[in-house]
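Open the model in your viewer, switch on a cartoon view and keep the selection box handy. We will go from stop to stop, choosing what to select and looking at what is there.

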Amino acid sequence: MKKKLIVQDTDIKINLYNKEDYLSLTDIARYKDSKRSDYILQNWMRSKDTIEF
């Protein structure tokens, strides 16, 4: 079942998988920069805190 959340006029998809909700990181990154959301995600994946997690 797919749900949707609206945050600051931005639609964020929520997917249900194994009874857990997962937010779309791509949708969140598009809020910051709609044309280059891939750079936002790449930088997040390279951050020290994300790697440690």
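Start by selecting Ile40, which sits in helix α2. This is a predicted model, so please read every value on the tour as computed from it. Is Ile40 buried, partly exposed or exposed? Its relative accessibility is 31%, so Ile40 counts as partly exposed, since the partly exposed class runs between the 20% and 50% limits. Now show its surroundings: setting aside residues within four places in sequence, Ile40 is in contact with Ala29, Lys32 and Asp33. For a distance label, pick the C-alpha atoms of Ile40 and Asp9: they are 19 Å apart in space, with their positions 31 residues apart in sequence.

Stay in the same helix and select Ser37. Helix α2 covers residues 37-46, and Ser37 belongs to it. With a relative accessible area of 11%, Ser37 is buried, because buried means under 20%. Which residues does Ser37 touch, not counting those up to four places away in sequence? They are Thr26, Ala29 and Arg30. Keep Ala29 on display for a moment, as Ala29 is also in the contact list of Ile40.

Next, follow helix α2 to Met45, which has its place there too. Add Leu5, Val7, Leu23, Leu25, Ile28 and Trp44 to the selection and turn on the surface: together with Met45 they form a nonpolar patch, with about 630 Å² of accessible area in total. Which elements give two or more residues to this nonpolar patch? Colour β1 (2-7), α1 (25-32) and α2 to see them.

Now move to the strands and select Thr10, found in strand β2, residues 10-17. Thr10 has a relative accessible area of 15% and is therefore buried. Beyond its neighbours within four places in sequence, Thr10 is in contact with Leu5, Asp27 and Tyr31. Of these, Leu5 also belongs to the nonpolar patch you have just displayed. Draw a C-alpha to C-alpha distance from Thr10 to Tyr31: the label should read 6.5 Å, for two residues that are 21 apart in sequence.

From Thr10, run along β2 and bring in strand β3, residues 20-23. How do β2 and β3 pair? They run in the antiparallel sense, over four bridges. To pick out one of the bridges, select Tyr17 and its partner Glu20 in β3. The two strands make a hairpin with two residues between them, and Asn18 in the turn has a positive phi of about 50°. While the strands are in view, remember that side chains in a regular strand alternate between the two faces of the sheet.

Finally, zoom out to the whole chain. The protein has three helices and three strands, in the order β-β-β-α-α-α along the sequence. Why is it described as more spread out than a compact globule? Its radius of gyration is 13 Å, well over the 10 Å that the globule rule gives for 53 residues. A box along the principal axes of the C-alpha trace would span about 30 × 25 × 15 Å. Colour by accessibility and you will find that buried residues make up 15% of the 53. The accessible surface comes to about 5,000 Å², with 54% of it belonging to carbon and sulfur atoms.

Notes. Residues are numbered from 1 along each chain as its sequence is written. This is a predicted model: local features need pLDDT of at least 70, side-chain atom pairs count only at pLDDT 80 or more; totals for chains, interfaces and linings use all residues. Side-chain values use heavy atoms; hydrogens and water are left out. Buried means under 20% relative accessible area, exposed over 50%, partly exposed in between (1.4 Å probe, protein chains only). Contact means heavy atoms within 4.5 Å. Patches are made of residues with over 30% relative accessible area and no salt bridge: like charges are joined within 9 Å, nonpolar side chains (Val, Leu, Ile, Met, Phe, Trp, Tyr) within 5 Å. Accessible areas come from the Shrake-Rupley method with a 1.4 Å probe; for residues, only the protein chains shown count as cover. A salt bridge is a side-chain nitrogen of Lys or Arg within 4 Å of a carboxyl oxygen of Asp or Glu. Two strands pair if DSSP finds at least two bridges between them. The radius of gyration is taken over C-alpha atoms; the globule rule is 2.2 Å times the number of residues to the power 0.38.
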